[in-house]
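Visitor: I would like a close look at a single residue, and I would be glad if you could place it in its chain and in its wider surroundings as you go.

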Number of protein chains: 2
Amino acid sequence: MYKKLAKEAYNIQILGSIDSLLSWDLETRMPKAAIESRSEQQEFIATLIHKKETSTKYKKLLSSCIDFSSDKILDPHVSKEQIISLRDWKKNYLKAKKLPTSFIKTLTKTTSTAFPIWVNSKKKNDFSLFSPILEKIVELMKKKASLLGAQEHPYDALLDLYEPNMTVKKLEPLLGSLKTFLSSFVRSWKNAPTPFWLTQSFPLEKQKLFSQEILKRLPLDPSRLCIDEAEHPFTSSLHPTDVRITTRFQENYLLGNIFALLHEGGHALYDMNLPQEYFGTPVGEAISHGIHESQSRLWETCIGKSYSFWKYFYPILQQIFPNPFESISLSQFYQDIHQVEPSPIRIEADEVTYTLHIILRFEIEKALIENSCQVKDIPDLWRTKMQDLLGITPLTDKEGCLQDVHWASALFGYFPTYALGNLYAAQFFAAFQDANPTWKSSIEQGDLTLLGSWLRENIHAQGKRYTAEELVEKVTGKPLSTKAYESYLEEKYKHFKN
Amino acid sequence: MYKKLAKEAYNIQILGSIDSLLSWDLETRMPKAAIESRSEQQEFIATLIHKKETSTKYKKLLSSCIDFSSDKILDPHVSKEQIISLRDWKKNYLKAKKLPTSFIKTLTKTTSTAFPIWVNSKKKNDFSLFSPILEKIVELMKKKASLLGAQEHPYDALLDLYEPNMTVKKLEPLLGSLKTFLSSFVRSWKNAPTPFWLTQSFPLEKQKLFSQEILKRLPLDPSRLCIDEAEHPFTSSLHPTDVRITTRFQENYLLGNIFALLHEGGHALYDMNLPQEYFGTPVGEAISHGIHESQSRLWETCIGKSYSFWKYFYPILQQIFPNPFESISLSQFYQDIHQVEPSPIRIEADEVTYTLHIILRFEIEKALIENSCQVKDIPDLWRTKMQDLLGITPLTDKEGCLQDVHWASALFGYFPTYALGNLYAAQFFAAFQDANPTWKSSIEQGDLTLLGSWLRENIHAQGKRYTAEELVEKVTGKPLSTKAYESYLEEKYKHFKN
């Protein structure tokens with residue numbers, strides 16, 4: 001029976017891949033005028049997936065392999081990996097069943113409507129345009145949380161969608177500790193003068209050349225990779241053999257492209273190294289959004305902002321852009337890319353202040369879901385918290401509570417995975433360093449395969465054999481904490497302190 | 001009931017659009033390693049479409065609107081367009097029903113296998129590698145013809161898939177007349193010396209600039225268009241708002257890109273001007289492959305090789321490529337792009353010899369299907385016919401019977417639509433000229449909208465309201481013949497005769 005079930009689940013996965021292609025294409029190649037026709041295609045596939053996932057046929061197949069009340073495995077011939085998959089399928093089935101089709105349709109329709117309203121409201125810097133539909137979305141999110149059900153806090157039900165088994169109870173101490181550490185870090189920090197070249201114009205063609213140099217060294221299999229440009233860089237994977245990243249080149253933001261490439265490259269590495277033989281089963285999937293984000297942040301920050309990385313790549317950058325880099329030393333450049341500067345926009349934040357942006361969003365989301373704040377309170381709350389956490393107040397809502405698309409897309413519960421990604425990344429990176437004391441010298445020679453192989457073996461190829469908690473314990477020997485992340489920042493930034 | 005039926009048909013069309021995206025992506029952006037996973041996705045969607053098209057539910061809906069034996073419309077509230085759609089849906093249903101799922105699976109599997117074999121056999125110039133699988137394909141084509149059934153000639157059943165209502169009986173006189181005309185044209189032709197610049201190297205970046213100039217003037221809506229590069233240029237449309245063309249830039253083949261862009265642009269214009277309000281019903285579709293090809297050939301040859309077109313564009317070309325065009329007059333250039341030269345490769349053929357390549361393929365295909373020739377005879381037959389039609393003999397099978405992918409893809413019945421496209425194009429173009437005596441002066445000013453609007457109104461926006469035969473009669477006042485095409489060539493080439 002397992003075989004029949006796996007076949008049906010495989011078909012659902014194929015539909016999922018097709019849905020990924022539709023989304024990827026929407027943001028990369030699709031002609032603008034096709035937006036309505038694309039919604040119809042996506043709605044069609046989403047409905048088909050939901051129908052299949054909640055069908056009586058699927059339930060029957062599942063129940064013949066696993067007992068729904070005791071979690072006991074009924075098919076005696078299944079492997080360890082198949083048991084993991086069965087439990088995950090069951091969990092997902094129960095979740096899908098809790099959300100009636102009518103609810104999903106309302107939610108999809110609301111977010112489709114909300115998107116252009118959010119765009120317009122942001123453009124006009126007018127929160128009042130967005131707030132009525134955001135109120136609807138928040139109501140739907142509360143409904144979703146209650147439909148899904150959670151034992152302790154309603155927000156847990158939403159968190160679990162992106163970071164399985166994560167709860168407010170586990171998350172708050174982590175974020176609380178970070179809040180104290182990072183806020184005081186930021187307040188005590190004094191930057192060297194802002195480097196003049198940060199906003200200098202760099203010809204796109206040459207930026208692309210430098211990108212190519214990085215790509216040559218990243219341990220990505222080019223036969224499994226496709227690279228495009230998009231307004232907001234992202235990674236989308238249809239299959240371990242079909243991984244797509246997007247980057248963005250901007251004349252006045254050289255670093256933007258470099259770090260976006262490393263970030264998306266990190267996501268891509270995870271996806272292309274997932275165990276292909278388990279494609280279509282949970283074991284073939286990534287563990288969580290937080291673990292996924294750890295892979296992108298590890299390459300973007302731990303590696304991309306390391307001295308060793310630039311020891312190899314800075315001479316190449318100097319060669320491509322003799323102006324201005326010929327007259328800037330490596331150590332000066334290294335310091336320049338470590339500016340810490342509280343600023344209102346999350347996606348432009350440095351690696352120190354970034355997590356504070358996430359904490360702010362989490363606190364507001366949680367308050368909304370637990371009813372301790374209303375949508376109309378958001379703009380004020382945002383300003384207060386921004387002052388409290390980062391010591392600045394955004395001048396406009398456009399640079400404040402209207403900046404991110406997440407709420408318009410009903411992605412409540414998602415933001416915390418960005419913060420978790422930083423924590424996982426630092427803890428994994430520390431373990432990698434312990435296991436590979438010579439790592440610096442290989443990176444200094446432009447060899448990124450040591451880290452690539454370590455991640456592949458310890459994390460990527462494991463698929464979803466372990467939960468995030470289990471994986472962290474297994475790979476690092478310790479439960480998740482903020483220690484590695486705090487040490488990573490302290491260790492690095494002490495060199496730049498004025 | 002019509003409404004319910006239309007809803008179901010609309011869903012089938014959405015799946016068709018998704019299938020188009022999968023195919024487009026396969027040839028443009030998909031990472032190479034994803035080929036197996038892509039086949040699974042395509043097979044999944046194709047099977048789903050076939051299931052829906054042949055389901056009892058669909059049949060019931062259809063039969064409640066149209067009587068299957070008398071073709072009588074049973075729903076009294078339907079419009080003229082809906083009647084056309086009902087008849088077409090019925091025809092397609094009966095066709096789909098005649099092909100068992102097992103047959104379709106075998107055919108799909110055989111062609112997937114055949115493709116790499118053909119590539120390899122062509123690469124090694126060894127027909128014997130390809131012939132065993134081609135024999136299988138020919139057998140399957142005979143089977144398909146017999147399953148579909150045809151009244152007069154088995155090949156008619158295959159022709160009808162690409163050119164509805166076309167038959168060997170109607171086609172042979174047309175091609176016979178062309179054969180006589182074109183063969184004698186070619187034999188009596190003496191070229192001026194081959195222009196030195198034809199194979200000159202032109203930097204790709206500058207070629208792209210010139211492409212942009214043409215694109216600016218083509219009456220294509222940029223918000224509905226996406227342009228990529230592909231090995232073999234093609235057009236693929238998901239919806240009238242989502243039309244995708246591909247072109248190919250080659251350093252040593254300046255004209256290749258220019259004419260490919262006009263060709264694909266012509267296809268794209270048809271697709272984006274189809275009546276969007278009928279999307280999902282036959283009335284919203286193109287009439288046939290032949291009519292589609294007429295739109296591409298009209299822009300590529302009738303316009304793209306017209307003196308008026310170059311009167312506007314040649315100065316731009318000269319500006320972009322002062323070397324060599326500054327020293328070449330417009331009339332010399334115009335003559336240079338009208339070389340007539342029998343050559344073995346179809347896709348490189350000029351507008352005069354091109355159709356002879358098609359006649360050759362049609363004759364061999366027909367002989368194979370009616371059993372008057374065997375696969376093993378193809379290479380010899382090809383050489384004999386090539387000598388007979390074009391007066392040349394290809395030196396290798398790679399440049400002969402192995403050059404095209406069509407047979408490996410089981411596209412028997414498709415080639416004739418290329419020849420029909422030329423005939424339709426010339427006849428439409430003559431009607432356009434009659435109706436718009438001032439057409440030359442507008443094109444000389446770079447204004448291509450006169451033709452664009454005429455085609456839109458008379459052909460594109462009609463969708464499938466008429467059959468190809470009806471449309472030709474309606475638009476040109478005459479049934480399809482070879483006259484317009486022959487006059488078009490005679491009129492033009494008489495200026496170049498030595």
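The residue chosen here is V243(A), and the answer below moves from its strand outward to the chain, to the partner chain and to some further local features.

Visitor: Where in chain A is V243(A) found, is it buried or exposed, and which residues does it touch?

Guide: Please keep in mind throughout that this is a predicted model. V243(A) belongs to strand β3 of chain A, which covers residues 242-247. With a relative accessible area of 0%, V243(A) falls under the 20% limit and is therefore counted as buried. If residues up to four places away in sequence are set aside, V243(A) touches R224(A), L225(A) and C226(A), then T235(A), S236(A) and S237(A), and further along the chain A268(A), D271(A) and M272(A). The list also includes P31(B), a residue of chain B. Against these contacts one can set P76(A), which is 167 residues from V243(A) along the chain and whose C-alpha atom is separated from that of V243(A) by 36 Å.

The contact with P31(B) leads on to the interface between the two chains. Chain A and chain B each bring 36 residues to it, and together they bury about 2700 Å², of which 65% is on carbon and sulfur atoms. On the side of chain A, the residues that lose the most area to chain B are R29(A), P31(A) and F44(A), which together account for 22% of what that side buries.

The chain around the strand can be described next. Chain A has 21 helices and 3 strands, and its radius of gyration is 23 Å, close to the 23 Å that the globule rule gives for 498 residues, so chain A is as compact as a globular protein of that length. The C-alpha trace spans about 70 × 50 × 45 Å along its principal axes. Buried residues, V243(A) being one of them, make up 57% of the 498 residues of the chain. Of the contacts in chain A between residues at least 6 apart in sequence, 73% join residues at least 24 apart. Chain A exposes about 21000 Å², with carbon and sulfur atoms supplying 52% of that area, and the mean positions of its 60 positive and 60 negative charges are 4 Å apart.

Two other buried residues of chain A may be set beside V243(A). S308(A), in helix α12 (residues 307-320), counts as buried at 3% relative accessibility, and apart from neighbours within four places in sequence it is in contact with W439(A), K440(A), I443(A) and E444(A). M166(A) instead lies in the loop between α7 (154-162) and α8 (168-188) and counts as buried at 8% relative accessibility. Beyond four places in sequence, the residues that M166(A) touches include D156(A), L159(A), L420(A) and Y424(A).

Some backbone features complete the picture. The peptide bond from N323(A) to P324(A) is cis, with omega near 10°, and P324(A) is placed in helix α13 (residues 322-325); in chain B, a cis peptide bond likewise joins N323(B) and P324(B), with omega about 10°. A positive phi in a residue other than glycine appears at D71(B), near 70°, and at A410(B), near 65°. D71(B) is partly exposed, with a relative accessible area of 23%, whereas A410(B) counts as buried at 7%.

Key
Residues are numbered from 1 along each chain as its sequence is written. Chains are lettered from A and ligands numbered from 1 in the order in which they are written. This is a predicted model: local features need pLDDT of at least 70, side-chain atom pairs count only at pLDDT 80 or more; totals for chains, interfaces and linings use all residues. Side-chain values use heavy atoms; hydrogens and water are left out. Helices (H or I, at least four residues) and strands (E, at least two) are DSSP runs, numbered from the N terminus. The radius of gyration is taken over C-alpha atoms; the globule rule is 2.2 Å times the number of residues to the power 0.38. Buried means under 20% relative accessible area, exposed over 50%, partly exposed in between (1.4 Å probe, protein chains only). Contact means heavy atoms within 4.5 Å. Accessible areas come from the Shrake-Rupley method with a 1.4 Å probe; for residues, only the protein chains shown count as cover. Lys and Arg count as positive and Asp and Glu as negative; His and the chain ends are not counted. The place of a charge is taken as NZ of Lys, CZ of Arg, CG of Asp or CD of Glu. Buried area is the accessible area (1.4 Å probe) that two parts lose on being put together, summed over both.
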